[in-house]
Amino acid sequence: MATTVVVAVIAYVVLRFWDHLGDTSVPAVPLSAPITLAVLAVAVFGVALGLRSRFAAYRKARTRIERGLPREPNERPVKPIDPLQAARALVLAKASGLVGSVFAGIYGGYGLFLLGRLDIGIYRSEALRCGFAFVAGAALMAAAIYLEHILKVPPEEPGGDGKVPSGA
């Protein structure tokens with residue numbers, strides 16, 4: 001979140017400086033910016049939902065085995081999550097969070113700059129695209145945070161032997 005605010009301030013200052021130099025044209029916001037960020041947000045959220053369901057199924061099967069209950073006839077065998085896959089998902093979450101934060105800041109600062117010029121049609125459409133790109137960048141950040149939350153390792157529970165695990 002702090003990255004978003006810092007980048008928004010930098011983008012706003014750079015655009016004000018650009019305006020101060022006397023150049024009346026502002027850089028165009030590509031139509032693909034909000035679309036790309038939204039697609040990335042959906043993809044990261046999909047990875048998070050997939051891993052969440054796999055973790056839930058693994059926990060359920062593990063609990064059933066620990067209690068000595070038989071497997072249900074229609075239940076598929078559950079494989080544990082590959083640690084390398086979880087690490088890759090965590091890297092995806094970290095990178096997506098940073099990308100979402102930076103782009104939300106860029107388009108947020110750009111949108112703030114354009115707020116004073118909404119009476120001109122071209123600036124109004126640019127401000128609208130900036131708003132959509134900001135929301136999509138924020139959605140990408142939220143999806144990345146959710147994926148990180150899914151991948152959080154729960155603390156180990158003390159074993160049945162009464163010993164507390166090391167590091168506690």
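Glu 66 is exposed, at 60% relative accessibility. I start there, on a predicted model, and work from the charged pairs inward.

Glu 66 has a partner. Arg 62 makes a salt bridge with Glu 66, and the closest N and O atoms are 3.5 Å apart. Both residues sit in helix α2, four residues apart, so about one helical turn separates them. Arg 62 has 46% relative accessibility and therefore counts as partly exposed, since the exposed class begins over 50%.

How many salt bridges does a search of the whole structure find? It finds three. Next on my list is Lys 94 with Glu 148, where the closest N and O atoms are 3.4 Å apart. This pair links distant parts of the chain: Lys 94 belongs to helix α3 and Glu 148 to helix α4, with the two positions 54 residues apart in numbering. Glu 148 is partly exposed, with a relative accessible area of 28%.

The remaining bridge to describe joins Arg 129 to Glu 126, at 3.6 Å between the closest N and O atoms. Here we are back to a local pair, both in helix α4, three residues apart, about one turn of the helix. Is Glu 126 buried or exposed? Glu 126 is buried, because its relative accessibility is 6% and the limit for buried is under 20%. Arg 129, at 26%, is partly exposed.

Now the aromatic rings. A pair of aromatic rings is described by the distance of the centres and the angle of the planes. The count comes to two aromatic pairs. In one of them, Phe 45 and Tyr 146 are tilted, with 5.7 Å centre to centre and 35° between the planes. Phe 45 is in helix α2 and Tyr 146 in helix α4, 101 residues apart, so to speak a link between distant parts of the chain. Both rings belong to partly exposed residues: Phe 45 has 38% relative accessibility, and Tyr 146 has 24%.

The other pair is Phe 103 with Tyr 107. Their ring centres are 6.2 Å apart and their planes meet at 20°, so this pair is stacked; stacked requires planes under 30 degrees apart. Phe 103 and Tyr 107 lie four residues apart in helix α3, about one turn of the helix. Phe 103 is partly exposed at 33%, whereas Tyr 107 is buried at 10%.

On to the nonpolar interior. The largest nonpolar core has 16 residues, and those with the most contacts inside it are Leu 51, Phe 55, Leu 147 and Leu 151. Helices α2 (32–67), α3 (83–114) and α4 (121–150) each supply at least two residues of this core. Which helix gives the largest share of this core? That is α2, with six residues. Leaving aside residues up to four places away in sequence, Leu 151 touches Leu 51, Phe 55, Ala 86, Ala 89 and Leu 90. There is also a second, separate core of 12 residues, which includes Tyr 107, Tyr 110, Cys 130 and Ala 133. Tyr 107 is thus a member of this second core as well as of the stacked pair.

Last, the surface. Val 5, Val 9, Tyr 12, Val 13, Leu 112, Leu 115 and Leu 118 make a nonpolar surface patch of about 610 Å². Helix α1 (residues 2–20) contributes the largest share of the patch, four residues. Val 9 is found in helix α1, and with a relative accessible area of 49% Val 9 is partly exposed.

How values were computed:
Residues numbered from 1 in each chain as written. Predicted model: local features only at pLDDT ≥ 70, side-chain atom pairs only at ≥ 80, totals over all residues. Heavy atoms only, no water. Core = buried A, V, L, I, M, F, W, Y, C linked by side-chain atoms within 4.5 Å. Buried < 20%, exposed > 50% of the residue type's maximum accessible area, 1.4 Å probe, protein only. Contact = heavy atoms within 4.5 Å. Phe/Tyr/Trp six-rings, centres within 6.5 Å; stacked < 30°, edge-to-face > 60°. Patch = residues over 30% accessible without salt bridge, like charges linked within 9 Å, V, L, I, M, F, W, Y side chains within 5 Å. Areas by Shrake-Rupley, 256 points an atom, 1.4 Å probe, with all protein chains shown as cover. Salt bridge = Lys/Arg side-chain N within 4 Å of Asp/Glu carboxyl O.
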